[in-house]
Amino acid sequence: MLDQAQIDRLRRTDTGGYPVLSVYVNLQPGPESLRNLPARIKDLLSQAESSSEALPRSQRLSIRGDLQALSRDVGRFGADLGHGVAVFRSSGAGIDEQFALPGPVRDRAIVDAAPYIRPLEAMIEHYQRYCVAVIGRRFGSIFRFSMDQLDTWEEMRDEEIRKANYGGFSGYEEQRVRARADEMAARHYRHVAERLTELRRSDGGFDLLIVGGSDPHVAGLLEALPPDVAELSAGTFVIDPGTMTPATVLDHARRVAGEWEVQEEHRLIADLFEAAASGRMAVLGLEETCAAVNRHSVEVLYVQAERTTPGSTCVNCGRVTCEIGSTCSVCGGPLRSIPDVVDRLSESVRASGGRVRHVLNAGPLAEVEAGALLRYQDPMVDPT
Ligand SMILES: [Zn+2]
């Protein structure tokens with residue numbers, strides 16, 4: 001299964017100056033997608049071939065070797081790989097890696113100086129680790145999912161409350177029995193909350209907590225959570241524990257997490273736009289964002305997933321820009337073209353200790369393509 005360590009390893013691979021061919025293929029079953037798979041792969045590879053024509057001869061030969069190897073081996077993009085597949089190849093640098101993807105991906109083939117890993121990063125961010133607790137009066141089921149798959153499932157049971165024969169009791173007795181039942185339920189919610197807290201604070205942890213069951217029990221459990229666990233709560237759902245399976249629980253969790261993600265992205269982007277409007281601690285727009293990244297002043301980079309814009313890097317001063325041309329407008333050094341400016345910005349922000357957020361849902365960021373929260377205010381240039 002795809003994980004951050006694999007992505008980091010790929011990012012650190014020494015390419016020895018050879019270009020890397022990165023191919024992403026969508027395998028999500030659909031009326032079209034699988035039937036025409038060989039034709040789609042052929043298209044992608046011929047796109048990659050034409051984009052490598054400008055490379056120096058030794059690099060072009062390396063890419064040609066990769067393209068030929070992949071066209072001979074279309075079978076490796078088989079549907080058994082999940083929803084999508086990513087292949088990274090560089091015969092010159094000795095790279096041949098393949099990853100099954102947990103979700104659908106846009107078809108693309110990119111030739112660049114390094115593996116093109118932005119779609120993998122976006123995927124890791126999107127498929128968070130969910131912890132789902134289904135809670136009843138005296139039992140609790142805790143499921144943990146990562147990358148859209150079940151990791152662990154455990155059950156908890158607290159002692160049964162003895163059935164009371166209310167008929168034989170006075171009103172006072174009946175009240176006492178009810179109070180006792182409430183107390184037992186509260187204790188059960190606390191037990192489940194303690195276990196969730198343990199899981200949250202353990203090595204694996206989780207990113208989102210989703211609680212299912214009938215309303216009173218869900219409310220009871222949420223109330224029993226300590227603040228550091230409660231703050232991960234992404235939402236709740238109603239489910240009949242008698243008929244649930246990990247698959248139905250995951251369906252509910254996906255829906256809740258999807259809604260949470262839309263709202264969370266909406267909130268983050270609203271904050272970004274507000275910061276940009278009210279002061280100088282944020283920038284919007286791809287070229288402005290490039291400038292901030294080049295100054296190493298970006299704390300959080302926000303990019304719209306699935307969008308790529310070609311641009312250049314300066315071989316001399318290292319700046320990343322949307323400019324296309326042969327010389328750097330700042331230092332006059334030679335420019336080298338890159339297939340995706342945002343990918344290079346992401347690498348640069350990570351290298352200087354900042355974070356990158358991929359925004360998946362359409363919204364105002366899509367219009368400006370990228371934006372950033374800055375680490376510090378840029379110094380005033382105006383000498384007065
Ligand atoms: Zn330059």
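**Figure 1. Overview of the protein chain in the predicted model.** Of the 384 residues in the protein chain, 45% are buried (buried means under 20% relative accessible area, exposed over 50%, and partly exposed in between, with a 1.4 Å probe and protein chains only). This is a predicted model in which local features need pLDDT of at least 70 and side-chain atom pairs count only at pLDDT 80 or more, while totals for chains, interfaces and linings use all residues. Residues are numbered from 1 along each chain as its sequence is written, and side-chain values use heavy atoms, with hydrogens and water left out. The protein chain holds 11 helices and 16 strands; helices (H or I, at least four residues) and strands (E, at least two) are DSSP runs, numbered from the N terminus. Along the principal axes, the C-alpha atoms occupy a box of roughly 95 × 65 × 35 Å. Among contacts in the protein chain with a separation of 6 or more, 67% join residues 24 or more positions apart, where contact means heavy atoms within 4.5 Å.

**Figure 2. Surface and charge of the protein chain.** The exposed area of the protein chain is about 19,100 Å², of which carbon and sulfur atoms supply 51%; accessible areas come from the Shrake-Rupley method with a 1.4 Å probe, and for residues only the protein chains shown count as cover. The protein chain carries 43 positive and 55 negative side chains. Lys and Arg count as positive and Asp and Glu as negative, with His and the chain ends not counted. The centres of the two sets lie 3 Å apart, with each charge placed at NZ of Lys, CZ of Arg, CG of Asp or CD of Glu.

**Figure 3. Close-up of the zinc ion and its cysteine donors.** The SG atoms of Cys-314, Cys-317, Cys-328 and Cys-331 coordinate the zinc ion at 2.2 to 2.4 Å. Donors are N, O and S atoms within 2.8 Å of the metal (3.2 Å for Na, K and Ca); water is not among the atoms, so sites may look incomplete. The arrangement is tetrahedral because the 4 donor atoms subtend angles of 97 to 118° around the zinc ion; four donors count as tetrahedral if all angles lie between 85 and 135 degrees. The sequence spacing of the donor residues is C-x2-C-x10-C-x2-C. Cys-314 is buried, at a relative accessible area of 3%, whereas Cys-317 is partly exposed, at 39%.

**Figure 4. Close-up of Arg-319 and Ile-324.** Arg-319 sits in the loop between strand E12 (311-314) and E13. Its relative accessibility is 12%, so Arg-319 counts as buried. Leaving aside residues up to four places away in sequence, Arg-319 touches Asn-294, Ser-312, Thr-313, Cys-314, Cys-328, Ser-329 and Val-330; Cys-314 and Cys-328 are among the zinc donors. Ile-324 belongs to the loop between strand E13 (320-321) and strand E14 (335-338). Ile-324 is exposed, with a relative accessible area of 65%. With the same sequence neighbours left out, Ile-324 touches Pro-310, Gly-311 and Ser-312. Between the C-alpha atoms of Ile-324 and Arg-64, which are 260 residues apart along the chain, the separation is 25 Å.

**Figure 5. Close-up of two residues with positive phi.** Most residues other than glycine have a negative phi. Asp-148 has a positive phi, near 70°, and lies in the loop between strand E6 (139-146) and strand E7 (149-157). Asp-148 counts as buried, at 14% relative accessibility. His-296 also has a positive phi, near 60°, and is placed in the loop between helix H9 (286-294) and strand E11 (298-304). At 45% relative accessibility, His-296 is partly exposed.

**Figure 6. Close-up of Ser-91 and its contacts.** The loop between strand E2 (84-90) and strand E3 (95-101) contains Ser-91. Ser-91 is partly exposed, with a relative accessible area of 36%. Beyond residues up to four places away in sequence, Ser-91 touches Ser-62, Gly-65 and Asp-66. Ser-91 and Asp-66 are separated by 25 residues in sequence and by 6.0 Å in space, C-alpha to C-alpha.

**Figure 7. Close-up of Arg-12 and Gln-68.** Arg-12 is part of helix H1 (residues 4-12) and is exposed, with a relative accessible area of 63%. The C-alpha atoms of Arg-12 and Ala-114 are separated by 9.2 Å, with the two positions 102 residues apart along the chain counted as their separation. Gln-68 is part of helix H3 (residues 57-72) and is partly exposed, at 43%. For Gln-68 and Leu-45, 23 residues apart along the chain, the C-alpha separation is 8.9 Å.

Terms used:
Four donors count as tetrahedral if all angles lie between 85 and 135 degrees; four count as square planar and six as octahedral if opposite donors are over 155 degrees apart and all others between 65 and 115; anything else is irregular.
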